[in-house]
Protein chains: 2
Amino acid sequence: MTTNEPQDALIVFTPSGKRGRFPIGTPVLQAARSLGVDIDSVCGGRAICGRCQVAVSEGEFAKHGISSHASHLNGFTKVEERYDAKRGLQAGRRLSCQTQLLGDAVIDVPPESQVHKQVVRKRAEARDIELDPVTRLYYIVVDEPDMHHPSGDLERVYKALKEQWGIDEVYTDLRTLTQLQRALRKGEWRITVAVHHGHIRSRQRIIAVWPGFHDRIFGLAIDIGSTTIAAHMCNMSTGEVVASSGIMNPQIRFGEDLMSRVSYVMMNPGGDEEMTQAVRTGLNALIFQVAEEAAVDRNDILEAVIVGNPVMHHLVLGIDPVELGGAPFALATNAAKTLWATEIDLAMHPDARVYVLPCIAGHVGADAAAVVLSESPHLQDEHWLIVDVGTNAEIVLGNRDRLLACSSPTGPAFEGAQISGGQRAAPGAIERVRIDPETLEPRYRIIGVEEWSDEDGFAEQAKAVGGVTGICGSGIIEVLAEMYLAGILNQDGVVDGAMAARSDRVEADGRTFSYVLSRGEPEIRITQNDVRQIQLAKAALYAGAKLLMDHLEIDKVDKITLAGAFGSHIDVKYAMVLGMIPDCPLDKVYAAGNAAGTGARIALLNNKARREIEKVVQWIDKIETAVEPKFQQHFVEAMAIPHKTASYPNLSEAVTLPEPKDVASADSSGDGETRRRRRRR
Amino acid sequence: MTTNEPQDALIVFTPSGKRGRFPIGTPVLQAARSLGVDIDSVCGGRAICGRCQVAVSEGEFAKHGISSHASHLNGFTKVEERYDAKRGLQAGRRLSCQTQLLGDAVIDVPPESQVHKQVVRKRAEARDIELDPVTRLYYIVVDEPDMHHPSGDLERVYKALKEQWGIDEVYTDLRTLTQLQRALRKGEWRITVAVHHGHIRSRQRIIAVWPGFHDRIFGLAIDIGSTTIAAHMCNMSTGEVVASSGIMNPQIRFGEDLMSRVSYVMMNPGGDEEMTQAVRTGLNALIFQVAEEAAVDRNDILEAVIVGNPVMHHLVLGIDPVELGGAPFALATNAAKTLWATEIDLAMHPDARVYVLPCIAGHVGADAAAVVLSESPHLQDEHWLIVDVGTNAEIVLGNRDRLLACSSPTGPAFEGAQISGGQRAAPGAIERVRIDPETLEPRYRIIGVEEWSDEDGFAEQAKAVGGVTGICGSGIIEVLAEMYLAGILNQDGVVDGAMAARSDRVEADGRTFSYVLSRGEPEIRITQNDVRQIQLAKAALYAGAKLLMDHLEIDKVDKITLAGAFGSHIDVKYAMVLGMIPDCPLDKVYAAGNAAGTGARIALLNNKARREIEKVVQWIDKIETAVEPKFQQHFVEAMAIPHKTASYPNLSEAVTLPEPKDVASADSSGDGETRRRRRRR
């Protein structure tokens, strides 16, 4: 190994371990490319972009069986000095395009120099995102026009792309073509082009052009919910989220929930266009907001990914959603779509591409597909139940062998609607509740205030957010579970009138009884009807999950993930106490946060992920609860608190479950609670 | 042959001669398809479209060696009776989808039932156009949505297209998708879709959808000239031209000729956008006009082809033409482009596709490419010179082995500009001239009047069109040639002052002499300067052609075609007398009319023709006259009348050429003239 011919040297790249021999003087970047080592570059070896940095790890020589000469590379070049002066170069780093192999060497490619670098996700159980952007930048030097060999500017750009980057079969949008001549002349025949690499080779397109060198492009991951629209803006070359923001969905004025919006369209001809207009206007407001937050030129936003439930999906695309309002719930399309931003009037680069994830079924939308992409149950062995709770619960169950999905009509109770004191999660809403099993006295926490209601300063802080205004979804789950644990509620969901003798919190309310949670203005009480609404909602959720378990022929699941705003704010042990979710060890139940938004981000940053989810969505078994007789049966059985047949291993370590008719105290301040304490955005 | 098993029968199709055996009861359409016989159908065998008609030619049986049974087909069906009652069926015709094979049969496929039918061109020397439309209609019956197997409407449309027509890998434009649900339900799951078959399989797209059966779609062939814009509207299934119209190019207000328009852009920032706007507005006026003329719904116009010179090409696409105004005359692109109609704001179906032919070089545009497509010199053995005369003459020379193109700066003299009495070809302009070689008295004809100036009724008719207003390009050619033939003009192009003694038509005009052609108001005279302008123009034209001949190393050409408005209105023998064109037998010189428009029509009707011209344009050798020193030399040599080195075989049969200083009479009323007499539109 050490007796090389002088004109030939060994190079070893870490961490890949790829190695090969190259003539003395070969630039390291070139050696890397011939070995298929993943090194980034926008300028193509012209010492402009600085993306191809490598570290020279001399200490590694021996380990790799290479004689440990001090330096087997050329010295730091003038070009690198210039780059260092202008943009800074970390100690020990070199530009691999300027570094020449003079003898055997070990070269380390740091993560940030890799094209396919990993974007590390915060959650421990989540897989990292591999960067594989669909749109990439290429700096090229284009031949000047020559009367002796007349050819179009565009054709000379294609020639440069082919010769300098090996990219051929490229097309160009007309709008980009109209910018090209000026860019070429302004950049003195040096331009940067953005190429959108469609999944089909013949669909590669130049979608933007800049004079000279340009290395900033951004993308948006957009999750259109019925209530809120959220957007993350990512730097497309690092994957980093540079700004995140959310706004209320302006369609709310046409109806709070999906079905009332579909009804609006049925009642008002042209209502679909109004709502399309509303959501697009909202999206643009959001785009302005994130672009401003990150100080990004909207013309540098070249990519967007959109997810949403089927009704939102249809409305943003300008498709009438009425068919989704009734059986057979036919989607206009269940395939992914790639569009120009201008086709849906988005205020970004006009030739930006927008990728819309596929819907799974008429009730299981592109948001559910994004959740699947984020959580990846199709790559797991465990039977995994993923629930995204909204007006409909979208439920996915399975593993790498089989994946099923359905939607279950939970209704809006979990979102605070149809509950006497219910409200959307917003400052002032009760979100946490504990009931003393001895005195039956409650204490609670409201959104926007750190203190519990029985702690000092609560009253003052509460006033600052406008007082206690109502109770939101997670608060309702907790109060019902605590009522059950305190014996106020029995297994059938009846508020026990006998308890009125023990506490004036339990009050007769016509022929039934209520529990008075807060005596302020407004008074917040939990009525028998409130309990029934939640029972119906949780039974629907449970029945949907159980139906999928039937199809998979399993009795319990290995793992549960609760996704979405509601899912990530409820305390999972209370969900178990109420019997919302099927049998599963408590420590295998996770909150995934906005998994749909994460899925959108993955699709934004990774082109292969798009093909992946398109395939998975095709492969998922779609179960329609409306046509499954067993759904009704499961539904009825799931009304009890907790579910009659569930055993919930290790739930009793977290709470003291009551013996029938026996009132015991609940562990309401254990580690589990502290660990899961989180603030709403 | 006559002892067939009864369950099997022989079918022979004429005129293709394709034959095969099929089970008794096989529909004739199905047999045709399996044999690859070219039979049209939109409805896919449902007896709706009537495109699949065949003729049963019993007399043909014996000839094809088939026993002559009276009828080996099923009887006329109820379905055919219904079709006949509703839409009419010629005697002897059957719908091949309803006709079953009961025994051996000979089936004739009439031309109009063929998909690839020929569109017969009027000119004898032109090849017919084979119909091969890029956009075709397909009637499909789509599965209704089923909750048990949820899939999108669009995906069920794809399924139907695949199952019923064998078409897969289809995409759909968003705008079409937004129409789909309604069309499916209105058509009760029977719809017609228009599929644009791009040249790449992955680019097949549904671009329009109609409820139920729809079989009318149209296309536009558009030729954007600097002065006029012409459009032909064709029925895309028959190829028939259903309406033709033309308008003035509204850009004229920015400058009469191309270079003055380019200057306008140089002088006025944003001038390119103004002119883009102007030409698009003009195009839309024209589209309204032809659609109204043919009573066609603009939404049924699904295809357009645009040709034009490079400046028009750039401006209609919204590309700044300034680069074309100076060396190196760089095109923004020299490739063909396919666009959405909406990308250039055309008032047709919004998802209609527009195909723009490729430009050949900075001065040789998509119009020249269309001329090549129309005339097809690349398929010939003869050396063919094709000249499209305008402000620039676009010149193509060659054959199947090699084809060259250049542009020559003739200036606007041929269009009547820079000529003292010159004007555009319009009513009142002198277009034909004869000069009596004895008396030197002229007679002439003006556009819009049948009579010659010396015939009865001329004065009255001329008054009706506003009198004699000037002289147009073809008139100038004729008057100069006749002046030469009458001895008024010598070989050097000098108006011979000595002739003033013979006729007062020859007048001193300062230091030179003029010929007074018309004594009306305005007076039309041919000045020495007018002669010089035409000499410069014809010398440029000749020099361009000669340059290409040099490159091909030939001394004379086998055939000449003059294309364009000017080219088809001049009398070719006078072009020869003046020495505008190189050596060629007179009977091998043709006028092709608007060959660019015809080329556009070919590209409109035949998808393969697009690929053909794209390849040919790449392959053409582009010669830039500005950088060829020999061009100047040819130019100087070509100033003489006629060209000194040309021999023009059989020209002397058409005209009596003067011996130097000898005045002879010209044959001015021969058959050649009568045959070529044509009216301007």
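In chain B, strand β10 (residues 190–196) runs antiparallel to β11 and is joined to it by six bridges, where helices and strands are DSSP runs numbered from the N terminus, a helix being H or I over at least four residues and a strand E over at least two, and where two strands count as paired if DSSP finds at least two bridges between them. Within that pairing, the bridge partner of B:H196 in β11(B) is B:R205. Strand β11 of chain B, residues 204–211, also pairs with β9 of chain B, residues 170–172, this time in the parallel sense and over three bridges, and there B:V170 has B:Q204 as its bridge partner. As a general reminder, strands of a sheet pair through backbone hydrogen bonds, either parallel or antiparallel.

Before I go on, I should say that this is a predicted model, in which local features need pLDDT of at least 70 and side-chain atom pairs count only at pLDDT 80 or more, while totals for chains, interfaces and linings use all residues. Residues are numbered from 1 along each chain as its sequence is written, and chains are lettered from A and ligands numbered from 1 in the order in which they are written.

Let me turn to another sheet of chain B, an open one of three strands in the order β24-β25-β26 with antiparallel pairing. Its edge strands, each pairing on one side only, are β24 (506–509) and β26 (524–526), and the twist averages 45° from one strand to the next, with axes taken as lines fitted to C-alpha atoms, for helices over the stretch in contact, and angles running from 0 to 180 degrees between N-to-C directions. Strand β25 of chain B, residues 512–518, is paired with β26(B) in the antiparallel sense over three bridges, and B:S518 stands opposite B:I524 in β26(B). Across β24, β25 and β26 of chain B lies helix α12 (residues 528–552), which runs at about 90° to β25(B).

Which helix of chain B has an axis that comes within 7 Å of that of α9 (residues 366–375)? The partner is α15 of chain B, residues 595–605, and the two axes cross at roughly 75°; α9(B) and α15(B) are therefore roughly perpendicular to each other, given that angles of 65 to 115 degrees count as roughly perpendicular, under 35 as roughly parallel, over 145 as roughly antiparallel and the rest as oblique. On the α9(B) side the residues that meet α15(B) include B:D367, B:A370 and B:V371, and on the α15(B) side those that meet α9(B) include B:A595, B:T598 and B:I602, where contact requires that the C-beta atoms of two residues, placed from the backbone, lie within 7 Å. The residues of this contact divide into eight nonpolar, three polar and two charged, with Ala, Val, Leu, Ile, Met, Phe, Trp, Tyr, Cys and Pro counted as nonpolar, Asp, Glu, Lys and Arg as charged, and the others, Gly among them, as polar.

Now to chain A, where five strands form an open sheet of mixed pairing in the order β2-β1-β5-β3-β4. The edge strands of this sheet are β2 (19–23) and β4 (93–95), and neighbouring strands are turned by 40° against each other on average, direction ignored. Strand β1 of chain A, residues 8–14, runs antiparallel to β2(A) and is joined to it by five bridges, with A:R21 in β2(A) as the bridge partner of A:L10.

A helix pair in chain A leads us to the interface. The axes of α3(A) and α4(A) come within 10 Å and cross at roughly 75°, which makes α3(A) roughly perpendicular to α4(A). Among the residues that make this contact are A:L154 and A:V157 of α3(A) and A:L177 and A:L180 of α4(A).

How many residues of chain A are in contact with chain B? There are 41 residues of chain A in contact with 41 residues of chain B. On the side of chain A that touches chain B, α3 (153–165), α4 (174–186) and β16 (337–340) each supply at least two residues, and α4(A) gives the largest share, five residues. By class, the residues on this side of chain A are 21 nonpolar, 10 polar and 10 charged.

Finally, the symmetry: a turn of 180° with a shift of 0.0 Å along the axis lays chain A on chain B with an RMSD of 0.1 Å, superposed by least squares on the C-alpha atoms of residues with pLDDT of at least 70 in both copies. The two copies are thus related as by a two-fold rotation axis. Of the interface residues of chain A, 100% are also interface residues in chain B, so the copies meet through the same surface.
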